[in-house]
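Work through the exercises below with the structure open. Try each task before reading its solution.

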Number of protein chains: 2
Amino acid sequence: MATPQTGAGDPKRSLELLWREFEPQSSRPGPKPRLTIEQIAEAAVALADRDGIAAVNMRDVAAELGVGTMTLYRYVPGKGELLDLMVDIVSDPKEDAARAAGMGWREVLEYVADSTLEFYQAHPWMLEINQRRPVLGPGSLAGYELALTAFERHTIPNREANLIVTAIWSIVTGTALSYMVSDTPAEQGGPVSTEEEWWEAQLPYLERAVASGRFPALGRVQDENAWEIQAQEAMRYALDTFLDGIAARMEASRVERPKTT
Amino acid sequence: MATPQTGAGDPKRSLELLWREFEPQSSRPGPKPRLTIEQIAEAAVALADRDGIAAVNMRDVAAELGVGTMTLYRYVPGKGELLDLMVDIVSDPKEDAARAAGMGWREVLEYVADSTLEFYQAHPWMLEINQRRPVLGPGSLAGYELALTAFERHTIPNREANLIVTAIWSIVTGTALSYMVSDTPAEQGGPVSTEEEWWEAQLPYLERAVASGRFPALGRVQDENAWEIQAQEAMRYALDTFLDGIAARMEASRVERPKTT
DNA sequence: TAATATCTGAGTACCGCGTACCCGATTACT
DNA sequence: AGTAATCGGGTACGCGGTACTCAGATATTA
């Protein structure tokens, strides 16, 4: 568990946990549980939203809920599985899905991209998590489902639809990673706390590097506000350009073999 | 250090470490160092390439070099700074820069994207690392410099050049994240080791989810080889589409205000 | 209603990892 | 030669994940 990553625990147990709706347990002897899995996940998410993913540990999550540390293990197999659960719960677009109904394909994709960026703003710890081995639960599937609805009334090969959705996810996540250098409160105790201080520390070195002449192209980009770019702007630039390319391609194929609507 | 991320250590000390070329130390009393900073970084990189970033710990890196654990701290302030060093060292495009000379802008950008994908194949642990607070050292700057050379002979506003380079980085990194579900040897001891087993475990749940009717669009994408997509293909699709958009934009601006070459 | 099987909550302890501290050995400058 | 700084590396501590364990509570079954 050194690296917070999805699928770090036993994936079978993660899947059982995420899809627990599939196996409603019958009534059993013994006391009723004091907690629910949802409560634990929400407490962990709240902690992560507030202090970053590094602050999420079993002791503190338990303390947040007013129970002993080991009590959590009655509900969740381990920290790895809890992380998968957190990811799936926040990934659920919930009521967003309804809003996308009736939009055109481009509108839906733009809406998905925008709300994903907002999502990263609300849960910056999602950018700290290594997403290899995604554990697909109801939440993630709902998110993918939402993106796919863009092509509901269009004849796009499934394979291409997948490529498009992945591309958009890449664009949004990539720009979020590049520009959301969030100041997680967790590290405010560290030697350099704010983003501003961060760049300030690097400046003298960058200046010397450019002065050395080893980076001529970089040196030419020193003017104006070339570096003052926000996540929203960078994402929209990449997204718009990409969607222009898609639109051109769709237009071309429509001209090739005309089709009603 | 729970989360392996750049800039986790003291950034000032990281910068001093990365830009150590700026301050060549004069001869000092005491024994000659047995190691060099490069050796340590390379040992750590080799370990990460082989077993993933989670396998990189001070004890094992030291053992790899045949020295005591604490000896490393004579050369490197701490693990966080070592990680920044590893990132910067592998980020250096080295001889790639020469090969890009003379290429057209699109060719350069495609070359950068392709070699970045290969880079992730060689160093999959770079995808496991959280890149917030990038510490800019000579290696990363050289990488950025290489991408910027694409616009050397074109009049593109600096701001836009930045947006394009970032977009390409997002596309490559995003698709790598999505499709390079690498089987890091480190976790081969775990309950599910190969990628195949991984998807196999998820399949029954996905089938039940689709069968439930809650994900109609997903259900429609069940045919053919819609899900069999490789990183290379996904990246090229997104990249080509994006570059098409850029080309169209450049063409439009050239028509607007004609310019020689 | 009584018996029983099972579950809950939580303290204790262990292990892996980063690293602070310390000491003897070594070597350049005066 | 004397001095002072540096090098190697052993020891130990703190933090975080979690295995083990057991007393007490409680829903089901007879």
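**Exercise 1. An enclosed helix**

Which residues of H7(A) are buried?

Solution. The model is predicted. Apply the cut-off for burial: under 20% relative accessible area. In H7(A), the residues that pass are Pro138(A), Gly139(A), Leu141(A), Ala142(A), Glu145(A), Leu146(A), Ala147(A) and Leu148(A). Next, set this against the length of the helix. H7 of chain A covers residues 138-148, and eight of its eleven residues are buried, so the helix is largely enclosed by the rest of the structure.

**Exercise 2. The fold of chain A**

Describe the secondary structure of chain A, then its burial and its contacts.

Solution. Start with the elements. Chain A has eleven helices and zero strands. Read from the N terminus, the order is α-α-α-α-α-α-α-α-α-α-α. Now take burial: 50% of the 261 residues of chain A count as buried. Last, take contacts between residues at least 6 apart in sequence. Of these, 77% join residues at least 24 apart.

**Exercise 3. The nonpolar core**

Which residues touch the most other members of the largest nonpolar core?

Solution. This core holds 175 residues. Trp125(A), Phe242(A), Trp125(B) and Phe242(B) touch the most other members. Helix H8 of chain B, residues 158-179, gives the most to this core: eleven residues. As a general background, nonpolar side chains tend to be buried together in soluble globular proteins.

Now look around Trp125(B). Set aside its neighbours within four places in sequence. The contacts that remain are Val45(B), Ala48(B), Asp49(B), Gly52(B), Ile53(B), Met86(B), Val87(B) and Val90(B).

**Exercise 4. The interface**

Characterise the contact between chain A and chain B by residues, area and polar pairs.

Solution. First, the residues: chain A gives 91 and chain B gives 91. Second, the area: about 8200 Å² is buried between the chains, with 61% from carbon and sulfur atoms. Arg133(A), Arg159(A) and Tyr237(A) supply 10% of the area that chain A buries against chain B, more than any other three residues.

Third, the polar side. There are 29 residue pairs in polar contact between chain A and chain B, both residues at pLDDT 80 or more. The rule finds six salt bridges across the interface. Arg159(A) also appears here: its side chain meets that of Glu233(B) in a salt bridge, at 2.6 Å from N to O.

Fourth, the elements. H8(A) gives the most to the side of chain A that touches chain B, with 16 residues. Sorted by class, that side has 46 nonpolar, 21 polar and 24 charged residues.

**Exercise 5. Two residues of chain B**

Are Glu152(B) and Asn158(B) buried, partly exposed or exposed?

Solution. Place Glu152(B) first. It sits in the loop between helix H7 (138-148) and H8 of chain B. Its relative accessible area is 44%. Partly exposed runs between 20% and 50%, so Glu152(B) is partly exposed. Its C-alpha atom is 10.0 Å from that of Gly102(B), 50 residues apart along the chain.

Asn158(B) is in helix H8 of chain B. With a relative accessible area of 16%, Asn158(B) is buried. Its C-alpha atom is 9.4 Å from that of Leu148(B), ten residues apart along the chain. Finally, look across to chain A: a polar atom of the Asn158(B) side chain lies 3.4 Å from the backbone oxygen of Arg220(A).

Key:
Residues are numbered from 1 along each chain as its sequence is written. Chains are lettered from A and ligands numbered from 1 in the order in which they are written. This is a predicted model: local features need pLDDT of at least 70, side-chain atom pairs count only at pLDDT 80 or more; totals for chains, interfaces and linings use all residues. Side-chain values use heavy atoms; hydrogens and water are left out. A nonpolar core is a set of buried Ala, Val, Leu, Ile, Met, Phe, Trp, Tyr and Cys residues joined through side-chain atoms within 4.5 Å. Buried means under 20% relative accessible area, exposed over 50%, partly exposed in between (1.4 Å probe, protein chains only). Helices (H or I, at least four residues) and strands (E, at least two) are DSSP runs, numbered from the N terminus. Contact means heavy atoms within 4.5 Å. Buried area is the accessible area (1.4 Å probe) that two parts lose on being put together, summed over both. A salt bridge is a side-chain nitrogen of Lys or Arg within 4 Å of a carboxyl oxygen of Asp or Glu. A polar contact is a pair of N or O atoms within 3.5 Å; within protein, one must be able to donate a hydrogen and the other to accept it, and residues adjacent in sequence count only if both atoms are side-chain atoms. Ala, Val, Leu, Ile, Met, Phe, Trp, Tyr, Cys and Pro count as nonpolar, Asp, Glu, Lys and Arg as charged, and the others, Gly among them, as polar.
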